[in-house]
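Trainee: Got a minute to walk through this one with me? I'd like to begin with the ligand.
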Amino acid sequence: MKDDRGHWGSKIGFILAASGSAIGLGNIWRFPYITGENGGAAFVIVYLIFVLLLGLPYMLAEFSLGRAFQLNTVGSIDKITNKSAWRYVGILGIITSIGILSFYGVISGWTLAYVFKTLFTEGQVLINDFSNFVNNPYYEILLYAIFLIFTALIVYKGVEAGIEKWCKILMPILMVLLIALIIYANLLPNSELGLKFYLMPDFGKINFKTIVAALGQAFFSLSLGIGLMVTFGSYLPKSTNMFSSAIYIVFFDALIALLAGFIIFPALFSMGENPASGPSLVFIIFPKLFAQMPFGNIVGAFFFVLLSIAALTSTVSLLEVPVSYFVDEKKISRKKIVWIMTIVVFVIGLPSALSQGTIDFFTNFGFIPESLTSQDFLSQISFIFGDLLLTIGALFLSIFIGWIWGAQKAAEEIKISGGKFYKFEKIWIFLIKYIIPIIVVLILISIFKVTGIT
Ligand code: TRP
């Protein structure tokens with residue numbers, strides 16, 4: 001069986017594929033708009049603390065579980081507890097990945113649409129185009145479907161041929177373009193107001209919503225909490241240093257998000273826009289930036305092409321979670337399950353596609369209160385799957401790895417080729433067993449109190 005599953009071609013290939021999963025719309029679309037909604041610099045600091053304290057150690061835990069048993073999350077859990085209720089933690093991850101993919105696919109469709117829009121629409125027209133675009137749902141939904149089909153075609157081909165290849169050239173190019181855009185944006189008049197918003201923390205702005213959002217964003221951006229990194233770890237040979245790999249992945253992921261902020265906030269303040277505009281934020285600011293730039297059409301189209309590919313390497317990883325489960329555990333053929341899942345995801349995502357002003361019912365859908373997230377269906381789904389269920393998944397998986405499998409065993413797996421990991425072993429075990437569960441539980445309890453879900 002194992003030979004059917006495929007392996008990464010090389011350590012760098014694995015790092016690129018895992019970074020490809022982590023780096024995506026979460027960094028360039030979600031991070032800036034959540035930062036904008038949550039008041040800027042203070043949020044960024046809380047986010048970075050969570051990334052280092054919780055995200056990095058937790059990522060290593062997922063890797064070690066996967067590599068130890070060379071199976072998807074449910075399979076690995078079954079090996080340890082023999083079909084106990086713990087396997088539902090793996091199933092929760094599968095449900096969560098389908099939920100995330102549904103709204104993520106919609107935004108990916110927007111990104112694809114903006115490739116053509118920036119290329120062919122005259123700058124000044126494009127600036128006010130976002131609401132026209134989402135109010136013409138046929139075009140929007142068509143691109144959403146096309147994007148999911150691309151995703152399915154790649155997953156269909158299997159892990160190595162599909163995922164690794166795409167990531168190899170993308171990341172460096174994306175970074176160079178982001179840096180060029182940072183320089184441009186920061187030369188605009190009044191851009192320093194944006195830098196101030198982004199870098200000078202006003203700790204009075206930290207409240208409960210900020211902390212919840214920062215925790216969710218940290219796990220979301222690193223593709224954690226659904227067992228995806230367990231699956232990725234399962235394709236690893238024992239010779240790969242997972243410790244240094246995790247550090248690289250976390251570093252690049254946080255770096256790209258921070259770079260995106262250095263473009264968005266200076267540009268935004270220079271244009272006098274509202275940082276708290278929600279999910280549409282980057283689709284308003286970037287086109288405006290390109291509209292005033294020489295060769296803006298070409299630069300803009302190029303930017304959205306790169307962003308589409310970054311999104312594609314993430315959607316591919318999201319689809320891989322349910323697919324690898326059904327292939328490994330239910331022995332359904334990869335070909336069949338890829339298309340079934342794609343159709344399921346497509347249908348679940350439709351309300352999100354119609355929730356940005358197209359259909360009132362979905363635009364003001366909210367049942368999660370405004371004190372936690374915006375009211376449109378997309379934001380709500382993003383909150384439920386991309387913040388809440390993801391965090392719950394991470395909580396249970398860290399308890400499972402820390403206490404049921406045993407943090408010491410997980411540490412032994414990492415140490416097989418762990419480089420300097422032994423120096424951090426004790427801290428790591430402490431974080432996995434105590435700090436991650438306790439912080440996450442405290443935050444979850446407060447969420448349930450606010451929403452009254454209890
Ligand atoms: N991390 C990706 C991003 O930031 C999105 C993503 C891909 C993801 N796979 C995931 C989020 C798994 C959570 C879990 O764009």
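Mentor: Sure. One term before we start: a polar contact is a pair of N or O atoms within 3.5 Å. And keep in mind that this is a predicted model.

Trainee: Okay, so which backbone atom sits 3.1 Å from a nitrogen atom of the ligand?
Mentor: That's a polar backbone atom of S221. F220 also puts a polar backbone atom 2.9 Å from a nitrogen atom of the ligand.

Trainee: What about side chains, which residue has a polar side-chain atom by a ligand nitrogen?
Mentor: S317 does, with a polar side-chain atom 3.3 Å from a nitrogen atom of the ligand. As for cover, the ligand taken alone exposes 360 Å², and the protein buries 100% of that.

Trainee: How many residues surround the ligand?
Mentor: There are 18, and the closest are A22, G26, Y104, F220 and S223.

Trainee: And how does that shell divide into nonpolar, polar and charged?
Mentor: You get 10 nonpolar residues, eight polar and no charged.

Trainee: Which helices supply at least two residues of the shell each?
Mentor: α2 (11-22), α3 (25-37), α6 (87-120), α12 (208-221) and α16 (296-329).

Trainee: Switching to the outside: which residues form the nonpolar patch on the surface?
Mentor: L142, I146, I149, F150, L153, Y156 and W339, with about 600 Å² of accessible area together. Helix α9, residues 137-156, gives the most to that patch, with six residues.

Trainee: Take F150 in that helix. Why does F150 count as partly exposed?
Mentor: Because its relative accessibility is 41%, and partly exposed covers the range between 20% and 50%.

Trainee: Now I401, is that buried or exposed?
Mentor: I401 counts as buried, because its relative accessibility is 0%. You'll find I401 in helix α19, residues 377-415.

Trainee: How many residues apart along the chain are I401 and T96?
Mentor: 305, with 19 Å separating their C-alpha atoms.

Trainee: Last topic, backbone angles. What's the phi of N190?
Mentor: About 65 degrees, so a positive phi, although N190 is not a glycine. Most residues other than glycine have a negative phi. N190 lies in the loop between α10 (159-186) and α11 (191-199), and it counts as partly exposed because its relative accessibility is 42%.

Trainee: And F295, where is that found?
Mentor: In the loop between α15 (281-291) and α16. Phi of F295 is positive too, near 55 degrees. At 66% relative accessibility, F295 counts as exposed.

Definitions and conventions. Residues are numbered from 1 along each chain as its sequence is written. This is a predicted model: local features need pLDDT of at least 70, side-chain atom pairs count only at pLDDT 80 or more; totals for chains, interfaces and linings use all residues. Side-chain values use heavy atoms; hydrogens and water are left out. Patches are made of residues with over 30% relative accessible area and no salt bridge: like charges are joined within 9 Å, nonpolar side chains (Val, Leu, Ile, Met, Phe, Trp, Tyr) within 5 Å. Accessible areas come from the Shrake-Rupley method with a 1.4 Å probe; for residues, only the protein chains shown count as cover. A salt bridge is a side-chain nitrogen of Lys or Arg within 4 Å of a carboxyl oxygen of Asp or Glu. Helices (H or I, at least four residues) and strands (E, at least two) are DSSP runs, numbered from the N terminus. Buried means under 20% relative accessible area, exposed over 50%, partly exposed in between (1.4 Å probe, protein chains only). A residue is near a molecule or strand if one of its heavy atoms lies within 4 Å of it. A polar contact is a pair of N or O atoms within 3.5 Å; within protein, one must be able to donate a hydrogen and the other to accept it, and residues adjacent in sequence count only if both atoms are side-chain atoms. Ala, Val, Leu, Ile, Met, Phe, Trp, Tyr, Cys and Pro count as nonpolar, Asp, Glu, Lys and Arg as charged, and the others, Gly among them, as polar.
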